[in-house]
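Me: Got a model here with a ligand in it. Can we go through the binding site, then the pockets?

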Amino acid sequence: MKKHNFSAGPCILPEEVLKKASEAIINFNDDNLSLIEISHRSKPFVAVMEKARSLALELLGLENKGYKALFLQGGASMEFLMVAYNLLNKKAAYLNTGTWSDKAIKEAKAFGEMIEVASSKDKGYNYIPKGYTIPTDADYFHCTSNNTVAGTQIKDFPETNVPLICDMSSDIFSRQLDFEKFDLIYAGAQKNMGPAGATLVIIKEDILGKVERHIPSMLNYQIHIDKDSMFNTPSVFAVYVSMLTLQWLKDLGGIKFIEEVNNKKAALLYAEIDRNPLFKGIVAKEDRSIMNATFVLTDESLKETFDTMWAEAGINGLNGHRSVGGYRASMYNALPLYSIQALVDVMQELERTQK
Ligand SMILES: *Cc1c(COP(=O)(O)O)cnc(C)c1O
């Protein structure tokens, strides 16, 4: 039986996607060739790239609105750098809500003045700062929608007159948002879309062309747009699997549908964390992530017992990030509700053994 995969990233993908992807490795498009041994400029692959790009825009409701979708390489970490390279002229504003925002800030600092509008670093990133001010003369404002490590998530995005840029690596396609508010969205594929190796970048084209520096071709968004995301060989397999996942999501009913499922999953787990005296959550309740739930045991001496119990129940990937400890249950789109139930059952079983 397949394990209940709570891994934080790379993470669970839909089973039917994995099946189709493995078939394409042997025989893609019934051509008796593998997807990964044909030219990326061949018709069948160009069609895959175009489909992946258009599905991404369609699912976000951003078609025909001046946005372009790109599948680039280098992970979300490369976007920390590319965003600043392409958009930071004089100063940029960043919200620091976690390890990943912190890294984005470090990269961007090299390109101009950095305004950290607010930070929750002092409290181990266990909440989302609110009520901060974004300078109206900043080149852009950058935030991280979901803090994958500590388990917090921005519920309300700020109103601002400057371009809004968001790292949505760990919650893209998981909930409905007014995506038109954003001028640039990026996400590493390996959390809600596909295997590692591709990064989705959604960009409103009119924010480009405003910096004076020379931008190397591989880091230049405009070049990637002009070349239809084929400036060089794209990560063909990661793009293909991402396309399959986006198609899977569309067939299910899109973000509206999956958001309801995700809310149910998160509600089930958080209710148990709050009810069961052996567990407690570690972040502010109103900022809890629907993708990554973090929690600890109230009695550390139960760790070995609990760890054995969940492993025996076929659960994988529940250990917290090394910087936080405790437990982290990542509940990405492809994780079924019954996997959450399996975890809740183990938590209740642990409680029974203590009575
Ligand atoms: C995982 C993650 C990253 C890093 O992604 P890479 O593709 O490994 O560079 C960045 N931001 C967030 C929010 C993440 O969850």
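Me: Which helix gives the largest share of the shell around the ligand?
Reply: Helix H3, residues 75-87, with 4 residues. Helices here are DSSP runs (H or I, at least four residues), numbered from the N terminus. This is a predicted model: local features need pLDDT of at least 70, side-chain atom pairs count only at pLDDT 80 or more, and totals for chains, interfaces and linings use all residues. Residues are numbered from 1 along each chain as its sequence is written, and side-chain values use heavy atoms, with hydrogens and water left out.

Me: How many residues surround the ligand?
Reply: 13, with Ser77, Thr148, Asp167, Gln190 and Lys191 the closest. A residue counts if one of its heavy atoms lies within 4 Å of the ligand.

Me: Which ligand atom pairs with the side chain of Asp167?
Reply: A nitrogen atom, 2.6 Å from an N or O atom of that side chain. Polar contacts are pairs of N or O atoms within 3.5 Å.

Me: And what about Lys191?
Reply: A polar side-chain atom of Lys191 lies 2.7 Å from a ligand oxygen. A polar backbone atom of Ala76 is 3.1 Å from an oxygen atom of the ligand.

Me: How much of the ligand does the protein bury?
Reply: 88% of the 390 Å² that the ligand exposes when taken alone. Areas come from the Shrake-Rupley method with a 1.4 Å probe.

Me: Switching topic. Which residues lie nearest the centre of the largest pocket?
Reply: Ile12, Glu15, Ala334, Pro336 and Tyr338, out of 17 lining residues. A pocket is an open set of points on a 1 Å grid over the protein atoms alone, where a 1.4 Å probe fits, with protein on both sides within 12 Å along at least five of seven lines; lining residues have an atom within 4 Å of a point.

How values were computed:
A polar contact is a pair of N or O atoms within 3.5 Å; within protein, one must be able to donate a hydrogen and the other to accept it, and residues adjacent in sequence count only if both atoms are side-chain atoms. Helices (H or I, at least four residues) and strands (E, at least two) are DSSP runs, numbered from the N terminus.
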